[in-house]
Amino acid sequence: MTFTEEQIKQLADLLNVETAREVIHITLSVGENLTLTDSKLGGLPYIPKGGSLPTTSQGEPLFMLAQINCEQLPENSLYPKKGLLQFWIASDEYYGADFENRCQNDTKKICYFSEVEESLPIEYIKEIYTKISVSKRKTNNIFTQENSLELPFNPNQSLALGFEKSVEGISYADIHFSTELQKKWGETFPEKFLGFWRLPKEIRDVFYKYLCNGVGNKIGGYPDFAQDDPREDDNFHDTLLLQIESEWNEQYSVMFGDAGVANFFINREDLANCKFDDVLYNWDCS
């Protein structure tokens, strides 16, 4: 089996065109003067007047991983046109994930507010959010340690989110990659396609070079994984609602396990109907 790099590039280019999806790439930066309703990772959440911070069924507090203000997004056909979407996770050894039931809504919750109304006073939100953070640290008997919460981010630090709309083709990590590749294989090569992972390593390496999709913080597009796509043959959760990659520098740290990546998947019709009670949450690391 002998292929030239140009042949593989042509096939990769074809795949990128045929499987193109809308994507909004997200950049992180230290936030300054962010309001309660701004898009952010970590930091103080918007809580409507009369509302309360989400908790587990056992009364344990959840922490806001990310908040997306839909009106701050570039024009897109993915998210609602207005409102706030929040992603909450528990502070535990799995960061709120349940790998036996990835769609559960106990240690992970997705909250959507279609209308942004009067919020609880920011001083009150700050007081109770700081209080539960300190209380959790004391409970863990590691009060004096920085980042002592079992979370992949600092809940008391706001990171601003920057958005850029684009398109991207399928990633080789996506569960449907081999199927899509097989559809186009015969248009380029006469040899029978036996599966991507049965190709020689040097050929797979060339595919990696030209199919560099999936990575990064994003809404939509295709996912990235440190290990494998957990959806297996699940075609229901077909849309990437949010992806957060581990990222760290001298100013902040977002770390899922050992430099892992977190994904939230939803059904496209549920997303169109603003129905967020069946979201698959997964993270993995190497």
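Modeller: Before we start, a salt bridge is a side-chain nitrogen of Lys or Arg within 4 Å of a carboxyl oxygen of Asp or Glu. This is a predicted model, in which local features need pLDDT of at least 70 and side-chain atom pairs count only at pLDDT 80 or more, while totals for chains, interfaces and linings use all residues. Residues are numbered from 1 along each chain as its sequence is written, and side-chain values use heavy atoms, with hydrogens and water left out.

Biologist: How far apart are the closest N and O atoms in the salt bridge of Glu75 with Lys81?

Modeller: Buried means under 20% relative accessible area, exposed over 50%, and partly exposed in between, with a 1.4 Å probe and protein chains only. Glu75 counts as exposed because its relative accessibility is 58%, and Lys81 counts as exposed at 53%. Between Glu75 and Lys81, the closest N and O atoms of the salt bridge are separated by 3.3 Å.

Biologist: How many salt bridges does a search of the whole structure find?

Modeller: Side chains of opposite charge can pair when their charged atoms come close. With the cut-off already given, the search of the whole structure yields a count of 15.

Biologist: Asp174 forms a salt bridge with Arg231; how many residues apart are Asp174 and Arg231?

Modeller: In this salt bridge the closest N and O atoms of Asp174 and Arg231 are 3.0 Å apart. The pair links distant parts of the chain, for Asp174 lies in the loop between β6 (159-168) and α3, Arg231 lies in the loop between β7 (218-220) and β8 (239-245), and their separation in residues is 57.

Biologist: Is Arg231 buried or exposed?

Modeller: Its partner Asp174 has a relative accessibility of 5%, and so Asp174 counts as buried. For Arg231 the relative accessibility is likewise given as 5%, which means that Arg231 counts as buried.

Biologist: Which residue do salt bridges that share partners join with Glu18 and Lys184 into one network?

Modeller: Lys184 and Glu18 form a salt bridge whose closest N and O atoms are 3.7 Å apart. This pair links distant parts of the chain, with Lys184 in helix α3 (residues 177-185) and Glu18 in helix α1 (residues 5-18), 166 residues apart. Lys184 counts as buried at 16% relative accessibility, whereas Glu18 is partly exposed at 47%. The salt bridges with shared partners join Glu18 and Lys184 into one network with Glu187.

Biologist: Helices here are DSSP runs of H or I with at least four residues, and strands are runs of E with at least two, numbered from the N terminus. Which helices do the buried residues of α1 pack against?

Modeller: The buried residues of α1 are Ile8, Leu11, Ala12, Leu15 and Asn16. They lie on the same side of α1 because they cover an arc of only 140 degrees around the axis, the arc being that of the directions from the helix axis to the C-beta atoms. These buried residues of α1 pack against α3 and α4 (201-210).

Biologist: How wide is the arc covered by the buried residues of α3?

Modeller: In α3 the buried residues are Phe177, Leu181, Lys184 and Trp185. They are placed on the same side of α3 because they cover an arc of only 110 degrees.

Biologist: Which residues are exposed on the other side of α4?

Modeller: In α4, Ile203, Arg204, Val206 and Phe207 are buried. They fall within an arc of 155 degrees seen down the axis of α4, so they line one face of the helix. What covers these buried residues of α4 includes α1 and α3. On the other side of α4, the exposed residues are Lys201 and Glu202.

Biologist: Which residue in β11 stands opposite Leu240?

Modeller: In β8, 7 of the 7 residues are buried, so this strand is largely enclosed by the rest of the structure. β8 pairs with strand β11 (residues 261-266) in the antiparallel sense over 6 bridges, where pairing requires that DSSP finds at least two bridges between two strands. Opposite Leu240, in β11, stands Phe265.

Biologist: The side chain of Ser91 reaches a backbone nitrogen; which residue does that nitrogen belong to?

Modeller: Ser91 is in the loop between β4 (84-90) and β5 (108-113). Ser91 counts as buried because its relative accessibility is 5%. At 3.1 Å, the side chain of Ser91 reaches the backbone nitrogen of Glu150.

Terms used: Polar contact = N/O pair within 3.5 Å; in protein donor to acceptor, adjacent residues only side chain to side chain. Contact = heavy atoms within 4.5 Å.
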